[in-house]
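Visitor: I've got a new chain on my screen and I'd like a tour. Could you walk me through it?

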Amino acid sequence: MRAGLLDGQSRWSTPTPLRAPCHDWELIQVGNCGSGIETDAGWLVLTHGADPMRQYAIGALLIDLHQPEHVIADLADPLLEPDETERHGYVPNVVYSCGGLVHDGVLWLPYGAGDARVGFATIAVGTLIAAMASTRTPAPA
């Protein structure tokens with residue numbers, strides 16, 4: 001994934017690398033799932049990843065509110081991956097999302113499964129952020 005330095009208040013400019021695959025569940029592909037969600041702890045960014053068996057899962061990372069080229073924390077394991085009822089469909093072994101929203105401290109995550117069904121997952125934002133491991137490092141060059 002790539003991020004840019006904030007230009008004013010609402011635009012990103014000058015793309016810089018933000019994230020490369022680093023967990024086994026995202027080794028083949030990693031990308032974002034919609035716009036970041038502003039929280040007190042940082043920008044919550046939902047991600048998707050594919051493992052070597054081409055199973056897609058949803059993860060999350062947290063980036064600095066004022067220096068978005070810095071990843072603060074991420075989940076080592078997927079936030080959501082296909083369960084037994086979601087493994088089959090037009091595209092098997094896939095869960096994906098185009099973003100979530102926060103209401104009353106809860107992340108609501110609509111997602112597609114196998115290109116055949118839709119679902120909703122929820123988690124308290126505080127619980128999600130607490131589950132992330134600190135990775136406070138500069139963005140890759």
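**A walk through the fold**

Guide: From the N terminus on, the elements of the chain run β-β-β-β-β-β-β-β-β-β-β-α-β. Keep in mind that this is a predicted model.

Visitor: How many helices and strands does the secondary structure of the chain come to?
Guide: Read the string of elements and you'll see one α placed just before the final β. Tallied up, the chain has 1 helix and 12 strands.

Visitor: What percentage of the residues count as buried?
Guide: To be buried, a residue must have under 20% relative accessible area. The chain has 141 residues, and the share that passes is 40%.

Visitor: Which element gives the largest share of the largest nonpolar core?
Guide: That core has 18 residues, and those touching the most other members are Leu44, Ala60, Leu107, Leu128 and Met132. At least two residues each come from β5, β6 (56–63), α1 (125–131) and β10. The largest share is 4 residues, and the element supplying them is β10.

Visitor: And which residues does the second, separate core include?
Guide: This one is made of 5 residues and stands apart from the core just described. Among its members are Val45, Leu61, Ile63 and Val71.

Visitor: Back to Met132: which residues does it touch, leaving out those up to four places away in sequence?
Guide: Met132 is one of the residues touching the most other members of the largest core, and so are Leu44 and Ala60. Both of those turn up among its contacts. The full list is Leu44, Ala60, Leu61, Leu62, Ala73, Asp74 and Leu75.

Visitor: Is His48 buried or exposed?
Guide: His48 sits in strand β5 (residues 42–50). Its relative accessibility is 16%, and the cut-off is under 20%, so His48 counts as buried.

Visitor: Which side chain joins that of His48 in a polar contact?
Guide: His48 has contacts with Trp25, Gln29, Val30, Gly31, Asn32, Cys33, Tyr56, Ala57 and Ile58, leaving aside neighbours within four places in sequence. Asn32 offers its backbone oxygen, 3.4 Å from a polar atom of the His48 side chain. The side-chain to side-chain contact, at 3.4 Å, is with Gln29.

Visitor: Is Ser97 buried or exposed?
Guide: Ser97 belongs to the loop between β8 (95–96) and β9 (101–103). Its relative accessible area is 9%; with the limit at under 20%, Ser97 is buried.

Visitor: How far is the backbone oxygen of Pro110 from a polar atom of the Ser97 side chain?
Guide: Beyond four places in sequence, Ser97 touches Cys33, Ile58, Leu109, Pro110 and Tyr111. Its side chain also reaches the backbone nitrogen of Gly99 at 3.1 Å. For the Pro110 oxygen, the distance is 2.7 Å.

Visitor: How many aromatic pairs are there, and what geometry do they have?
Guide: The count comes to 1 aromatic pair. Trp108 and Phe120 form it, 6.4 Å centre to centre with 70° between the planes. Planes over 60 degrees apart get a particular label, so this pair is edge-to-face.

Visitor: How many residues apart in sequence are the parts this pair ties together?
Guide: Trp108 lies in strand β10 (residues 106–113), while Phe120 lies in strand β11 (residues 117–124). Trp108 is partly exposed at 37% relative accessibility, whereas Phe120 is exposed at 62%. The pair therefore ties together parts whose separation in sequence is 12 residues.

Key: Residues are numbered from 1 along each chain as its sequence is written. This is a predicted model: local features need pLDDT of at least 70, side-chain atom pairs count only at pLDDT 80 or more; totals for chains, interfaces and linings use all residues. Side-chain values use heavy atoms; hydrogens and water are left out. Buried means under 20% relative accessible area, exposed over 50%, partly exposed in between (1.4 Å probe, protein chains only). A polar contact is a pair of N or O atoms within 3.5 Å; within protein, one must be able to donate a hydrogen and the other to accept it, and residues adjacent in sequence count only if both atoms are side-chain atoms. Contact means heavy atoms within 4.5 Å. Rings of Phe, Tyr and Trp (its six-membered ring) pair if their centres lie within 6.5 Å; planes under 30 degrees apart count as stacked, over 60 as edge-to-face and the rest as tilted. A nonpolar core is a set of buried Ala, Val, Leu, Ile, Met, Phe, Trp, Tyr and Cys residues joined through side-chain atoms within 4.5 Å.
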